[in-house]
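Please set out the local arrangement of strands and helices in this protein chain. The report should go through the sheets, the helix packing and a few single residues in turn.

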Amino acid sequence: MAKNKSIIGFEADTTEIRAVELTRVNGAYQVLACGKIPLGAGVVEEGFVRDADAFSTALAELLQNGNFKSSDVVVGVNNENVIMRYASFPKIADDKLRNMVLLQAQEFIPIPVQEMEIDYVVAGEGVNDEDQPVVYVLLVAARRNMLEQLITLLNASKLQVLDIDSSVLSLCRGLAPIAGDKKYALLNLTDDMLNFMVIHGNEISMVRSIAIPDRTQDAVEELFKSTANGAISDSVLSEVGSMLASETSSSVSYYAMQNMEEPIESIYFVSGAGRADELAKMIAETIYTIPVEAPRFYEGMNLGLDPLVVKEFAGCIGLAMQALEG
């Protein structure tokens, strides 16, 4: 009897490595392994592995203690060296679109494209100010040397990288069944990035990615450390909540000015930080006209994990699901 294929969804940031091994049996997903391991300060910075030995040691420990069996990995990335830009191009035949996007990508990417790996997602269609048909595209660019370093380290651990994807887009795929037909915004907070995307079905109509402001960086880092020790002060929570409310408010206002007839109906706040539910409530108090909630990913799919664990590993789960479906 043939063995069912399994794939590992993998993410690493400045605080930890996370991984989920997933398989699909008779159309239903099953989690075969799930785990995370903390990284010491300075092991990963801005997406780059600064201490390869410490990273490899942590990865080996995670794979062994978590009983991961597969060697096939899909990697999710989201840090300061991953750039997402919303762009429009004249509508042309599908088989010619890729060449046009890659040729004109430099107009939208503030870093020389020779240093980047560039991909894109078709985000919808429309017309421009001259009533000419256009196609909207979400450009995703990542520094090539960052990706190559990560692939080298994973290969050295006897893992085969099948694909590298955007962690943010992976979360969007997980939100699709929750949002249904609503136009929604994803607000994703990591330890060094804040992403805001507006989506309706398969169409993306806005993307904004910013580095955490310097004035709030220490508080954000403290909030993420709290997931390990459980202790966090109200002052730190308030500082991060105020920053999130301000950035969300400005993003919502900008979107509303450009799309007055298609308002955002819900905002989903996703973060691995401590006390995320309380942060969602703080944002909602500022954005009082739009519901703000921390979503329950993959509810009803019986993955065999606690809902809080599913939320924490939603990005990894989405990465593995996409690969298994592909």
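## Strand S14 and its neighbours

Strands S14 and S15 run parallel and are joined by two bridges, with S15 covering residues 292-293. The model is a predicted one. Within this pairing, Val292 of S15 is the bridge partner of Ile267. S14 is also joined to strand S11, residues 183-189, by six bridges, and these two strands run parallel as well. On that side, Ser271 of S14 has Leu189 standing opposite.

S14 spans residues 266-271 and is mostly covered, with six of its six residues buried. Is the strand covered on one face or on both? Both faces are covered: one side carries Ser266, Tyr268 and Val270, the other carries Ile267, Phe269 and Ser271, and all of these are buried. Buried here means a relative accessible area under 20%.

## The β-α-β unit and the packing of H6 on H7

The step from S14 to S15 involves a helix. S14, helix H7 (residues 276-286) and S15 together make a right-handed β-α-β unit.

H7 also packs with helix H6, which covers residues 234-258; the angle between them is about 45° and their axes lie 9 Å apart. That angle makes H6 oblique to H7. The crossing of the two helices is right-handed. Which residues make the contact? From H6 the contact is made by Leu237, Ser238, Val240, Gly241, Ser242, Leu244, Ala245, Thr248 and Ser249. From H7 it is made by Glu278, Leu279, Met282, Ile283 and Thr286.

## The five-stranded sheet

Five strands form an open sheet in the order S3-S2-S1-S6-S10, and the pairing is mixed. S3 and strand S10 (160-166) stand at the edges with a single partner strand each, so one side of each has no neighbour in the sheet. From one strand to the next, the twist averages 20°.

Inside this sheet, strand S1 (residues 6-12) pairs with S2 in the antiparallel sense over seven bridges. One of the residue pairs concerned is Ile8 with its bridge partner Glu21 in S2. Helix H3, residues 144-156, packs on the sheet and touches S1, strand S6 (72-77) and S10. The direction of H3 makes about 145° with that of S10.

## The three-stranded sheet

A further open sheet has three strands in the order S7-S9-S8, with antiparallel pairing. Strand S7 (82-90) and strand S8 (116-127) stand at its edges; each has a single partner strand, so one side of each is left without a neighbour in the sheet. The twist in this sheet averages 20° from one strand to the next.

S7 is joined to strand S9, residues 133-143, by nine bridges, and the two run antiparallel. Tyr136 in S9 is the bridge partner of Ser88. Helix H3 appears here too: H3 lies across S7, S8 and S9 and runs at about 60° to S9. H3 thus has a place in the description of both sheets, since H3 also packs on the one that contains S1, S6 and S10.

## Two asparagines with positive phi

Asn26 is not a glycine, yet its phi is positive, at about 55°. Asn26 lies in the loop between strand S2 (16-25) and strand S3 (28-38). Is Asn26 buried or exposed? Asn26 is exposed, with a relative accessible area of 81%.

Asn302 also has a positive phi of about 55° and is not a glycine. Its loop is the one between S15 and helix H8 (307-312). Asn302 counts as exposed, at 70% relative accessibility. The cut-off for exposed is over 50%.

## Leu319 in helix H9

Leu319 is found in helix H9, which covers residues 314-325. With a relative accessible area of 1%, Leu319 is buried. Which residues does Leu319 touch, leaving aside those up to four places away in sequence? They are Gly9, Phe10, Glu11, Val74, Val75, Gly76, Asp165 and Ser170.

Leu319 can also be placed relative to Val240, one of the H6 residues in the contact with H7. The two residues are 79 residues apart along the chain, and their C-alpha atoms are separated by 28 Å.

Conventions:
Residues are numbered from 1 along each chain as its sequence is written. This is a predicted model: local features need pLDDT of at least 70, side-chain atom pairs count only at pLDDT 80 or more; totals for chains, interfaces and linings use all residues. Side-chain values use heavy atoms; hydrogens and water are left out. Buried means under 20% relative accessible area, exposed over 50%, partly exposed in between (1.4 Å probe, protein chains only). Helices (H or I, at least four residues) and strands (E, at least two) are DSSP runs, numbered from the N terminus. Two strands pair if DSSP finds at least two bridges between them. A crossover is right-handed if, with the strands pointing away from the viewer, the path from the first strand over the helix to the second runs clockwise. Axes are lines fitted to C-alpha atoms, for helices over the stretch in contact, and angles run from 0 to 180 degrees between N-to-C directions. Angles under 35 degrees count as roughly parallel, over 145 as roughly antiparallel, 65 to 115 as roughly perpendicular and the rest as oblique. A crossing is left-handed if the near helix is turned anticlockwise from the far one by less than a right angle, and right-handed if clockwise. Contact means heavy atoms within 4.5 Å.
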